[in-house]
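Biologist: Please take a close look at one part of this structure, its interior. I should like a connected account of what is packed there, and of the polar and charged residues that go with it.

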Amino acid sequence: MTGLMRRLVVLAVLCPCVLLAAPQQPLNQLPGAASAQLARSLAAASSHKSHVWRDVPPTNTDGTINGYIEISRGDRNKFEFDMSRNERIVDRVIPETTGGYPVNYGFVPQTVSYDGDPFDILVLGPPLAGGELVRGVALGLMEMEDEKGLDSKVVVSPVDREGRARYELTPAVRDEIAGYFRRYKQDEPGKFSKVPGWATAAVGREYVATTHAFFQKCRTSPGPCRLPD
């Protein structure tokens with residue numbers, strides 16, 4: 001049993017309601033569609049000698065997590081990272097009634113999540129420039145599900161000179177972020193998003209490790225790719 005699975009089993013024992021929000025697929029298994037998307041992403045990135053998603057490590061020796069900023073805090077432009085261009089492009093514009101992102105949004109390099117996209121990262125603090133690489137310490141995990149399945153996101157804070165988190169994931173911050181991600185697809189037909197709850201920083205780090213293992217081991221899998229228990 002992986003560390004992530006062990007932690008969720010403990011949570012389920014302490015709070016049976018967690019089982020209601022648990023995804024149906026095993027957490028150490030990448031769905032076949034996501035494995036196929038990983039292969040396509042690697043093929044699209046192959047023309048670049050240096051590629052930010054393919055070549056930047058997900059973590060550093062000091063335990064911090066690397067993140068590529070796709071969308072700055074406050075921005076209503078929904079940027080998506082284009083693997084073949086090795087840069088972000090505008091996918092759509094979030095309606096004014098929904099508002100701009102309440103947090104910097106991006107992905108962790110060298111990861112693939114359950115929907116086939118890189119694993120998402122939310123970076124606290126003031127707006128950061130799109131396309132910037134940042135490092136931060138994990139503060140928690142926002143559990144999320146959408147029409148593609150499990151879409152949880154690790155939340156990090158940039159660090160100061162002593163390596164300490166600059167910002168806190170307070171209840172008010174959690175409520176603001178969760179509220180936004182619950183409604184930000186409300187104007188898109190056929191799409192939805194749910195935020196069942198939050199998990200610890202340790203679980204966030206486990207998700208980074210698991211999605212990095214998917215990136216390393218599932219690139220040639222023709223179907224669902226399961227990591228060793």
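Modeller: Helices and strands are named here as DSSP runs numbered from the N terminus, a helix (H or I) having at least four residues and a strand (E) at least two. The model is predicted.

The nonpolar packing is a natural place to begin. In soluble globular proteins, nonpolar side chains tend to be buried together. The largest nonpolar core of this model has 38 residues, and the members that touch the most others are Trp53, Ile65, Val154 and Tyr207. At least two residues of this core come from each of helix H3 (32-45), helix H4 (52-55), strand S2 (65-71), strand S6 (120-123), strand S7 (133-146), strand S9 (153-158) and helix H6 (201-217). H6 provides the largest share, with seven residues. Another core lies apart from this one; it has 18 residues, including Tyr101, Val103, Leu169 and Phe181.

Helix H6 merits a closer view. Of its 17 residues, 13 are buried, so that the helix is mostly covered. Its length also agrees with expectation: at 1.5 Å a residue, 17 residues should span 24 Å, and the C-alpha atoms at the two ends of H6 are 24 Å apart.

The sequence continues from H6 to the cysteines. The structure holds one disulfide, which joins Cys218 to Cys225 with an S to S distance of 2.1 Å. Because the torsion about this S-S bond is about -75°, the disulfide of Cys218 and Cys225 is left-handed. Both cysteines, Cys218 and Cys225, are buried.

Charged and polar residues are also found among the buried positions, and two elements that supply the largest core provide examples. Strand S2 contains Glu70, which counts as buried because its relative accessibility is 5%. The C-alpha atom of Glu70 is separated by 6.4 Å from that of Arg88, 18 residues apart along the chain. Helix H4 contains Arg54. Its relative accessible area of 17% is under the 20% limit, so Arg54 is buried as well. Arg54 and Thr111 are 57 residues apart along the chain, and 8.5 Å separates their C-alpha atoms.

The loop between strand S5 (104-107) and S6 holds two further buried residues. One of them, Asp115, is buried without a salt bridge; Lys148 has the nearest side chain of opposite charge, 5.2 Å away. A polar atom of the Asp115 side chain does lie 3.0 Å from the backbone nitrogen of Asp117. Gln110 is in the loop between S5 and S6 too, and it counts as buried because its relative accessibility is 14%. Gln110 is not a glycine, yet it has a positive phi of about 55°. Asn86, likewise not a glycine, has a positive phi of about 60°; this residue belongs to the loop between strand S3 (77-82) and strand S4 (87-93).

Salt bridges complete the picture. Side chains of opposite charge can pair when their charged atoms come close. Across the whole structure, a search finds 14 salt bridges. One of them pairs Lys185 with Asp146, whose closest N and O atoms are 3.1 Å apart. This pair links distant parts of the chain, since Lys185 is in the loop between helix H5 (171-183) and strand S10 (193-199), whereas Asp146 is in strand S7, 39 residues apart. Lys185 and Asp146 are both buried. Asp151 and Lys153 form a further salt bridge, at 3.1 Å from N to O, and both Asp151 and Lys153 are buried. In addition, Asp91, Arg92, Glu188 and Lys191 are joined into one network by salt bridges that share partners.

The salt bridge between Glu80 and Lys78, with closest N and O atoms 2.8 Å apart, presents a contrast in burial. Lys78 counts as buried because its relative accessibility is 3%, whereas Glu80, at 30%, counts as partly exposed.

Terms used
Residues are numbered from 1 along each chain as its sequence is written. This is a predicted model: local features need pLDDT of at least 70, side-chain atom pairs count only at pLDDT 80 or more; totals for chains, interfaces and linings use all residues. Side-chain values use heavy atoms; hydrogens and water are left out. A nonpolar core is a set of buried Ala, Val, Leu, Ile, Met, Phe, Trp, Tyr and Cys residues joined through side-chain atoms within 4.5 Å. Buried means under 20% relative accessible area, exposed over 50%, partly exposed in between (1.4 Å probe, protein chains only). A disulfide is a pair of cysteine sulfur atoms within 2.5 Å. The expected span of a helix is 1.5 Å times one less than its number of residues. Lys and Arg count as positive and Asp and Glu as negative; His and the chain ends are not counted. A salt bridge is a side-chain nitrogen of Lys or Arg within 4 Å of a carboxyl oxygen of Asp or Glu. A polar contact is a pair of N or O atoms within 3.5 Å; within protein, one must be able to donate a hydrogen and the other to accept it, and residues adjacent in sequence count only if both atoms are side-chain atoms.
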